[in-house]
Amino acid sequence: MTDEQALKMVLAAVEKARTMGLRITAVAVDAGGHPKALLRMDGAPFHGAVISTDKARTAAGFGVPTAVWKTRTADRPHILEGLNGRAGFIPIGGGVPVTVDGTLIGALGVSGAHEDEDCDIAAAGIAALAA
């Protein structure tokens, strides 16, 4: 993930949140889960910096959106129990992997709103790469 891609996604996510009247934190990580860009909006919960980073790392590490963990573990709670508490893992929607030409280059994580809103904001950040 380039610096420019990371900044473009984070800024687009923040702009989407602003239009929704929300205050969030957005973070882009590379494929190894290392932060590339992070922006916490004025007034966003301070926990969002860690939570959005964990969402992005989870999405990058597994290559799937964090929202899928609800359905993936619905009938197998032991899997979620085993993963919960692991550093950098969070099974809450708002983390989305970023692929370019079929290659995982990182992920975007959003925290600070309701889970579905975090997912929508993250999607807007990812869509900015195609623009």
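Q: In what order do the four strands of the open sheet stand?
A: In this predicted model, four strands form an open sheet whose pairing is antiparallel. Strands of a sheet pair through backbone hydrogen bonds, either parallel or antiparallel. The order here is β2-β1-β4-β3.

Q: Which strands are the edge strands?
A: An edge strand pairs on one side only. That description fits residues 35-40 and residues 95-100. The edge strands are therefore β2 and β3.

Q: By how many degrees are neighbouring strands of this sheet turned against each other on average?
A: The angle is an average over neighbouring strands of the sheet, with direction ignored. Its value is 15 degrees.

Q: Which residue in β2 stands opposite A28?
A: Strand β1 covers residues 25-30 and is joined to β2 by five bridges, the two strands running antiparallel. Opposite A28 stands, in β2, residue A37.

Q: What angle does the direction of α1 make with that of β2?
A: Helix α1 packs on the sheet and touches β1, β2, β3 and β4, the last of these spanning 103-111. Its direction and that of β2 make an angle of about 20 degrees.

Q: At what angle to β4 does helix α2 run?
A: Helix α2 comprises residues 48-62 and lies across β1, β2, β3 and β4. Relative to β4, the helix runs at about 150 degrees.

Q: Does L11 count as buried or exposed?
A: L11 lies in helix α1, residues 3-19, and makes a nonpolar surface patch of about 260 Å² with L7 and L39. Its relative accessibility is 51%. Because the cut-off is over 50%, L11 counts as exposed.

Definitions and conventions. Residues numbered from 1 in each chain as written. Predicted model: local features only at pLDDT ≥ 70, side-chain atom pairs only at ≥ 80, totals over all residues. Heavy atoms only, no water. Patch = residues over 30% accessible without salt bridge, like charges linked within 9 Å, V, L, I, M, F, W, Y side chains within 5 Å. Areas by Shrake-Rupley, 256 points an atom, 1.4 Å probe, with all protein chains shown as cover. Salt bridge = Lys/Arg side-chain N within 4 Å of Asp/Glu carboxyl O. Buried < 20%, exposed > 50% of the residue type's maximum accessible area, 1.4 Å probe, protein only. Axes fitted to C-alpha atoms, helices over the stretch in contact; angles between N-to-C directions. Contact = heavy atoms within 4.5 Å.
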